[in-house]
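Biologist: I have not worked with this structure before and would like a close look at a single part of it. Please begin there and then place that part in its surroundings.

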Amino acid sequence: MTPTAPVYSVVFLGFTAFERNALAAYNRLSASEAEPPLGVVDDLARADFVIVDGDDALAVDTVIAAGRHADAVYVGAQAPDGALGWMMRPMDPLQVYRELHAAAAARDRRQRALPSAARR
């Protein structure tokens, strides 16, 4: 039996309820063995990754204040330097999740490269 890929979590900051629901639905419906769904959480502190509405100043400020912009994919306005990813509107959930899955795979590779004592 092969080990299960780690499940990462994501939080949506900003966005309308419709956009959040579309992102969450795409996450569930596009899941595969190679790219499992991300767990959707509603707390930035519990999220591995962030999808942030770059046009929502409060959401952007929240991510920056928390020091999480390197874990964030911004949709809309230009992302701050060091962001994980950025894309223009209209939002393309496929592209958003490609960015997140690539980031999750890179994180997995970095973790596997660490000596076992450093993983704890």
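What is the relative accessibility of Pro80, and how is the residue classed?

Modeller: The model is a predicted one. In this model Pro80 has a relative accessibility of 24% and is therefore classed as partly exposed, since buried is reserved for values under 20% and exposed for values over 50%. Pro80 sits in the loop that links β4 (72-75) to β5 (85-87). With neighbours within four places in sequence set aside, Pro80 touches Ile64, His69 and Tyr74. Glu33 is 47 residues away from Pro80 along the chain, and 33 Å lie between their C-alpha atoms.

To place that loop, it helps to go through the rest of the chain. The chain has three helices and five strands, and their order from the N terminus is β-α-β-β-α-β-β-α. The five strands form an open sheet in the order β2-β1-β3-β4-β5, with parallel pairing. At its edges are β2 and β5, each with a single partner strand, so each has one side without a neighbour in the sheet. The loop that holds Pro80 therefore leads from β4 to β5, and β5 is one of those two edge strands.

Moving inward from β4, this strand is joined to β3 (residues 49-53) by four bridges, in parallel. Ile51 has Val73 of β4 as its bridge partner. On to β1 (residues 9-13): four bridges, again in the parallel sense, pair β1 with β3, and Leu13 is matched with Val52 of β3. Toward β2 (residues 39-40), β1 has two bridges, and these two strands also run parallel. Here Val10 has Val40 as its partner.

Strand β1 is worth a pause. In a regular strand, side chains alternate between the two faces of the sheet. In β1 both faces are covered: Ser9, Val11 and Leu13 are buried on one side, Val10 and Phe12 on the other. Five of its five residues are buried, so β1 is largely enclosed by the rest of the structure.

Between β1 and β2 comes helix α1 (residues 17-29), and the three together make a right-handed β-α-β unit. The 13 residues of α1 should span 18 Å at 1.5 Å a residue, and its end C-alpha atoms are 18 Å apart, which agrees. Glu19, Leu23, Ala24 and Asn27 are the buried residues of α1. Viewed down the axis of α1, these residues fall within an arc of 130°, so they line one face of the helix. An α-helix has 3.6 residues a turn, so residues three or four places apart point the same way. The cover over the buried residues of α1 includes β1, β2, β3 and α3 (93-113). On the face turned away from the buried side, α1 carries the exposed residues Phe18, Asn21, Arg28 and Leu29.

Last, the chain as a whole. A compact globule of 120 residues would have a radius of gyration near 14 Å, and the chain has 14 Å, which agrees. Along the principal axes, its C-alpha atoms fill a box of roughly 40 × 30 × 20 Å. Of the 120 residues, 38% count as buried. Among contacts with a separation of 6 or more, 50% are between residues 24 or more positions apart.

Conventions
Residues numbered from 1 in each chain as written. Predicted model: local features only at pLDDT ≥ 70, side-chain atom pairs only at ≥ 80, totals over all residues. Heavy atoms only, no water. Buried < 20%, exposed > 50% of the residue type's maximum accessible area, 1.4 Å probe, protein only. Pairing = 2+ DSSP bridges. Right-handed = clockwise from strand over helix to strand, strands pointing away. Expected span 1.5 Å × (residues − 1). Arc of directions from axis to C-beta. Contact = heavy atoms within 4.5 Å. Rg over C-alpha atoms; globule rule 2.2 N^0.38 Å.
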